Amino acid sequence: MKKQNVRTISLIVCTFTYLLIGAAVFDALESETEKKRWKALSAIENVLITRYNISSEDFKVIETVIMKSEPHKAGQQWKFSGAFYYATTVLTTIGYGHSTPTTVSGKIFTMCYAAIGIPLGLVMFQSIGERVNRLSSVIVHAIKTSFNCKKAIASEVDLILVVTTLSSLTIAGGAAAFSKFEGWSYFDSVYYCFITLTTIGFGDMVALQKDNALNKKPEYVAFALIFILFGLAVVAASLNLLVLRFVTMNTEDEKRDEAQAIQALQIAVKLDGDIITGNTDSVDERCYDRISVINPLTVCHNCPTKFDMAPEPTGGGGGG
């Protein structure tokens, strides 16, 4: 089996194994807390229904009103600034879910917009990632040259270190800003930045969703959008290195397979029990299948090579 196929199967097995391990760990970490929260919320719901004599139907109406009014605390979600924020989450596949179209025309346009915008965004971020890696290699080369290093060319390890450092600084800086503007803890802000830049976008924490920020804080809106676009470009640079490495590995395997195939053509060729060896240039290789094993001395008309397949005499000379 080819190494490319083995690698693909190994990746599939590893991915599903990773999913199973993740499911087991999340179950152990979160399921008990989920039960406790559900019991606490159910108890509070019963207390409110009993104290204010609210029917279950009315309580569900109140619950729906509260949930539906939550996004409006950020201001009008579909004015230009909010719509631009939404379009950014669609194109980058973050998909917070903080605001969603309710009209049929809005849903249709979202699907069409995403069908064109997502590939466009992927190509753009991939291209930016390549430029970032190119700039990083130039900087690394200049630094190594200034220190008189023997190998001044930037290696993949060097680029990975540069991009990892840049990604860490981007997340750390963004977390500090979001912690200040949103009132989140620094750890929660780091969590939000990571979930955003990896385009997971759970939607449990979304910036610009309180104090009418979309309308009253244009500088904060601009910062959030720039952070998302710049951060995704840095992440794309990291992914570009990983994809490039994987493609390189496949290319190396393909070249190795081709070399083995060429080597196989250069070994002995068996024809009806006879072994033909010798100079196997490209012309001779094409001529082997044309050789007639009926005629002991066969000359191919397309090449000057003469293939002598006559069996050696086994006895002495005969009389006439």
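Modeller: Rings of Phe, Tyr and Trp (its six-membered ring) pair if their centres lie within 6.5 Å; planes under 30 degrees apart count as stacked, over 60 as edge-to-face and the rest as tilted. This is a predicted model, with residues numbered from 1 along each chain as its sequence is written. Local features need pLDDT of at least 70, side-chain atom pairs need 80 or more, and totals for chains, interfaces and linings use all residues; side-chain values use heavy atoms, without hydrogens or water.

Colleague: How many helices and strands are there in the protein?

Modeller: Helices (H or I, at least four residues) and strands (E, at least two) are DSSP runs numbered from the N terminus. In order, the elements run α-α-α-α-α-α-α-α-β-β-α-β-β. The counts are 9 helices and 4 strands.

Colleague: What share of the residues in the protein is buried?

Modeller: Buried means under 20% relative accessible area, exposed over 50% and partly exposed in between (1.4 Å probe, protein chains only). Of the 320 residues in the protein, the buried share is 28%.

Colleague: How many aromatic pairs does a search of the whole structure find, and what is the angle between the planes of Trp78 and Tyr86?

Modeller: The search finds 12 aromatic pairs. In one of them, Trp78 and Tyr86 lie 4.8 Å apart, centre to centre. The pair counts as edge-to-face, and its planes meet at 65°.

Colleague: Is Trp78 buried, exposed or partly exposed?

Modeller: Its partner Tyr86 is buried, because its relative accessible area is 13%. Trp78 has a relative accessible area of 46%, so it is partly exposed.

Colleague: Phe178 and Phe227 form another aromatic pair; how many residues apart in sequence are the parts that it ties together?

Modeller: The two rings are edge-to-face, at 5.3 Å centre to centre and 80° between the planes. Phe178 lies in helix H5 (residues 156-182) and Phe227 in helix H8 (residues 218-265), so the separation in sequence of the parts joined is 49 residues. Both Phe178 and Phe227 are buried, and the number asked for remains 49.

Colleague: Which residues do ring pairs link into a cluster?

Modeller: Phe178 and Phe227 belong to this cluster. Ring pairs link them with Tyr85, Tyr96, Phe181, Trp184, Tyr192, Tyr220 and Phe223.

Colleague: Which residues does Trp78 contact beyond its neighbours within four places in sequence?

Modeller: Trp78 sits in the loop between helix H2 (56-69) and helix H3 (80-91). Its C-alpha atom is 9.9 Å from that of Leu214, 136 residues away along the chain. With contact taken as heavy atoms within 4.5 Å, the partners are Ala83, Tyr86, Ser99, Thr100 and Pro101.

Colleague: How far apart are the end C-alpha atoms of H5?

Modeller: The expected span of a helix is 1.5 Å times one less than its number of residues. For the 27 residues of H5 this gives 39 Å, which agrees with the computed distance of 38 Å.

Colleague: Which residue follows H5 with a positive phi?

Modeller: The buried residues of H5 include Leu159, Val163, Ile171, Phe178 and Glu182. After the helix, a phi near 75° belongs to Gly183.

Colleague: Which residue takes a positive phi just after H6?

Modeller: Helix H6 (residues 186-197) has 12 residues and reaches 16 Å between its first and last C-alpha, close to the 16 Å expected. Its buried residues are Ser189, Tyr192, Cys193, Ile195, Thr196 and Leu197. Just after H6, the positive phi of about 60° is that of Thr199.
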